[in-house]
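Work through the following exercises with the sequence and the model at hand. Each task is followed by a worked solution.

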Amino acid sequence: MTGTVAATLFGAEDLRVVEGDLAPLAPGMVRVRFGAGGICGSDMHYFRHGRTGDFVVRSPLILGHEVAGEIVEIAGAAPGLAVGDRVAVNPSRWCHRCPRCLKGRENLCENIYFMGSASKTPHMQGGFASLFDATAEQCVKVPATLPFAAAALAEPLAVCLHAVARAGDLRGRNVVLFGAGPIGLLTMIAARRAGAAAIAVVDIAAAPLAFATRLGADRILDISGGTGELEAAAADRPFDVAMEISGTAAGLATAIETVRRGGTLVQIGNLPGGPLPVPANKLMAKELDLRGSFRFGPEFREAVDLIVSGEIDVLGIVTGYRPLSDAPAAFRLALDRSQSVKVVLTAA
């Protein structure tokens, strides 16, 4: 057995850094020493509520799916990989056999296991651990000069690249984003890269909106005191595409109200579980295209390439680094939107 230390969730607000053992490495697997990991919105939902959306934590769960590290052991064939390589780790384990995989929509794999997720029972453990195992396919080699933190953020960038692809052709379009957290900011960058002519970012918190301005938003709209300014902006220049990232029923309802007739709405944020109040008649009367966007497929390797090339600077959204050993405090910091946009865990 090999010892590891992991940030493990036992229930809502009960995150502990605990010691454990890893079994001998199974054939076809790669053992990775943790380098860095980003705390995601879904991690924070698990931390606060013991669930995210319809995925409920039913047994201790090691969190973390935005991770990168160094290979320390390989069992069997791992083409292109060697001990000592730095890797960005794709948290998705696809079956490649189900109808969705065979159609090229691996993110909808019917047998998927996803690191740090309670979507299956037993849960698939995550990567916020000093050592963790992955398949060779999950490991994408990156240059030794690339910071672990940058490699770890390939995962949220992939989410945003997939969401922008789901929105369709954005060239020349007027886009509004609801939510200025890490996914909102990276979606803004991805939408700009895809040719969006103008991008407005909507939120109820001033600090992340200021961050959006620094990263290139054409307009920011603080709706904490009401939606009047947003409505005026939509009347002045109708929004062709709305992207809902906040994961709130209010955000979805406002997006439906805001996007122009015949427009497109992409739901990216993970909404609360169970039935939600949604102005569905507006979907019908405005003939909107409502599209879901779930995780990512081949966009993960695209995200790695964009980060390695320097075309997208993912570290520009990071506001704090904390050691893995201090994970509970790091989660509390990440939850404070007045102080944080993106918090990254590091090995030390």
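**Exercise 1. Describe the second largest pocket of this predicted model: its volume, its central residues and the make-up of its lining.**

Step 1. The volume of the second largest pocket is about 440 Å³.

Step 2. Its lining comprises 26 residues, and those closest to the centre are Leu-22, Ile-62, Gln-125, Phe-132 and Asp-133.

Step 3. At least two lining residues come from each of β1 (2–11), β2 (14–22), β3 (29–38) and β11 (131–135). β2 gives the largest share, with 5 residues.

Step 4. Sorted by class, the lining holds 15 nonpolar, 6 polar and 5 charged residues.

**Exercise 2. Determine which strands pair with β1, and in what sense.**

Step 1. Take β2. β1 and β2 are antiparallel and joined over 9 bridges; one of the bridge pairs is Thr-2 with Leu-22 of β2. Leu-22 is also among the residues closest to the centre of the second largest pocket.

Step 2. Look at the connection. The two strands make a hairpin with 2 residues between them, and Glu-13 in the turn has a positive phi of about 65 degrees.

Step 3. Take β6 (residues 61–62). β1 pairs with β6 in the antiparallel sense as well, over 2 bridges, and Leu-9 has Leu-61 of β6 as its bridge partner.

**Exercise 3. Decide whether Thr-8 is buried or exposed, and list its contacts beyond four places in sequence.**

Step 1. Thr-8 is a residue of strand β1.

Step 2. The relative accessibility of Thr-8 is 6%. The limit for a buried residue is under 20%, so Thr-8 counts as buried.

Step 3. Outside its neighbours within four places in sequence, Thr-8 touches Asp-14, Leu-15, Arg-16 and Val-18, along with Pro-60, Leu-61 and Ile-62.

**Exercise 4. Give the strand order of the open sheet of 6 strands, explain which strands are at the edges, and place the helices α7 and α8.**

Step 1. The order is β15-β14-β13-β16-β17-β18, and the pairing is parallel.

Step 2. β15 (219–222) and β18 (289–292) each have a single partner strand, so one side of each lacks a neighbour in the sheet and they stand at the edges.

Step 3. On average, neighbouring strands of this sheet are turned by 20 degrees against each other, direction ignored.

Step 4. At the β15 edge, strand β14 (residues 198–203) pairs with β15 in the parallel sense over 4 bridges; Ala-200 has Arg-219 in β15 as its bridge partner.

Step 5. Helix α7 (residues 228–236) packs on the sheet and touches β13 (174–178), β14, β15 and β16 (239–244), its direction making about 145 degrees with that of β15.

Step 6. Helix α8 (residues 249–258) also packs on the sheet, touching β13, β16 and β17 (259–267), and its direction makes about 150 degrees with that of β17.

Note on methods: Residues numbered from 1 in each chain as written. Predicted model: local features only at pLDDT ≥ 70, side-chain atom pairs only at ≥ 80, totals over all residues. Heavy atoms only, no water. 1 Å grid on protein atoms, 1.4 Å probe; cavity = no way out; pocket = protein on both sides within 12 Å on 5 of 7 lines; lining within 4 Å. Points joined across faces, edges and corners; volume = space filled by probe spheres on them. Nonpolar A, V, L, I, M, F, W, Y, C, P; charged D, E, K, R; others polar. Pairing = 2+ DSSP bridges. Buried < 20%, exposed > 50% of the residue type's maximum accessible area, 1.4 Å probe, protein only. Contact = heavy atoms within 4.5 Å. Axes fitted to C-alpha atoms, helices over the stretch in contact; angles between N-to-C directions.
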